[in-house]
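User: I have a structure open and would like to go through it with you. Could you take my questions as they come?
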Amino acid sequence: MYKAGVFTISDKGFKGEREDKAGPEVIRLAGENGYEASFIKILPDDLETIADELAKAADSGDYDLILTTGGTGFAQRDVTPEATLAVGERQVPGIPEAMRAYSMTITERGMLSRGQCVIRGKTLILNLPGSVKAVRENLEYILPKIGHGIRILTGDDAECGRE
């Protein structure tokens, strides 16, 4: 079973001014898709803090997948994608591209997500939107499809190509 860690990125959540509903939804959906999912913490919308925490979690070796929720929009303090790119060693553009394409079948606002996906060491880091509805739509679509990539990344599968 692969391990997934979850960060919620929200100034209001960090200050205790808003209940985090997206983080628990990420954990629930990851669990339903075969991941041992756990909550790491709520972080403020601060680039250095997010980058430091993502790097620590990925470098710990405790997680095969790190999912963030929040901070992917157009607001001035939405810096989760930039923090993710700052810690990534390799980009994985296809996953967020697929998420946006799928989201566009539901709402035209799907194009407004700036989420990113990167690899750091043997950990995949993926940004999700902050709303519970968008989290649900994106994870229900993407989680069943990314397992092979995680198996390759962790060394549990040797090849991507087929004969």
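Analyst: Certainly. This is a predicted model, and buried residues make up 45% of the 163 residues in the chain.

User: Thanks. How many helices and strands does the chain have?
Analyst: The chain has six helices and six strands. Along the sequence, they follow the pattern β-α-α-β-α-β-α-β-α-β-β-α. The radius of gyration is 15 Å, close to the 15 Å that the globule rule gives for 163 residues, so the chain is as compact as a globular protein of that length.

User: And what box do the C-alpha atoms fill?
Analyst: Taken along the principal axes, the box is roughly 50 × 35 × 25 Å.

User: What share of the contacts joins residues at least 24 apart?
Analyst: That share is 76%, counted among contacts between residues at least 6 apart in sequence.

User: Now the surface: which atoms supply 49% of the exposed area?
Analyst: Carbon and sulfur atoms supply that part, and the chain exposes about 8,500 Å² in total.

User: What about the charges, how far apart are their mean positions?
Analyst: The chain carries 20 positive and 26 negative charges, and the mean positions of these two groups are 3 Å apart.

User: Changing topic to aromatics. How many aromatic pairs does a search of the whole structure find?
Analyst: The search finds one aromatic pair. Its members are Y102 and Y141, whose ring centres lie 4.2 Å apart with the planes at 0°, so the pair is stacked. The pair links distant parts of the chain, since Y102 belongs to helix 5 and Y141 to helix 6 (residues 132–154), with their positions 39 residues apart in sequence.

User: Why does 0° make it stacked?
Analyst: Planes under 30 degrees apart count as stacked, and the planes of Y102 and Y141 are at 0°.

User: Is Y102 buried or partly exposed?
Analyst: Y102 is partly exposed, with a relative accessible area of 29%. This residue sits in helix 5, which covers residues 94–104. Its ring partner Y141 is also partly exposed, at a relative accessible area of 25%.

User: What else does Y102 touch, leaving out residues up to four places away?
Analyst: Besides Y141, Y102 touches E137. For a longer span, the C-alpha atoms of Y102 and E53 are separated by 29 Å, and these two residues are 49 apart along the chain.

User: Let us move to E25. Is it buried or exposed?
Analyst: E25 is buried: its relative accessible area is 9%, and the cut-off for buried is under 20%. E25 lies in helix 2, residues 22–32.

User: Which residues is E25 in contact with, neighbours within four places aside?
Analyst: E25 is in contact with V132, V135 and R136.

User: Last one, where does G130 lie?
Analyst: G130 lies in the loop between strand 6 (123–128) and helix 6. At 43% relative accessibility, G130 counts as partly exposed. Neighbours within four places in sequence aside, G130 is in contact with A22, T69 and G70.

User: And how far is G130 from Y35, C-alpha to C-alpha?
Analyst: Their C-alpha atoms are separated by 20 Å, with the two positions 95 residues apart along the chain.

Technical notes
Residues numbered from 1 in each chain as written. Predicted model: local features only at pLDDT ≥ 70, side-chain atom pairs only at ≥ 80, totals over all residues. Heavy atoms only, no water. Helix = DSSP H or I, 4+ residues; strand = E, 2+ residues; numbered from the N terminus. Rg over C-alpha atoms; globule rule 2.2 N^0.38 Å. Buried < 20%, exposed > 50% of the residue type's maximum accessible area, 1.4 Å probe, protein only. Contact = heavy atoms within 4.5 Å. Areas by Shrake-Rupley, 256 points an atom, 1.4 Å probe, with all protein chains shown as cover. Lys, Arg positive; Asp, Glu negative; His and termini not counted. Charge placed at Lys NZ, Arg CZ, Asp CG, Glu CD. Phe/Tyr/Trp six-rings, centres within 6.5 Å; stacked < 30°, edge-to-face > 60°.
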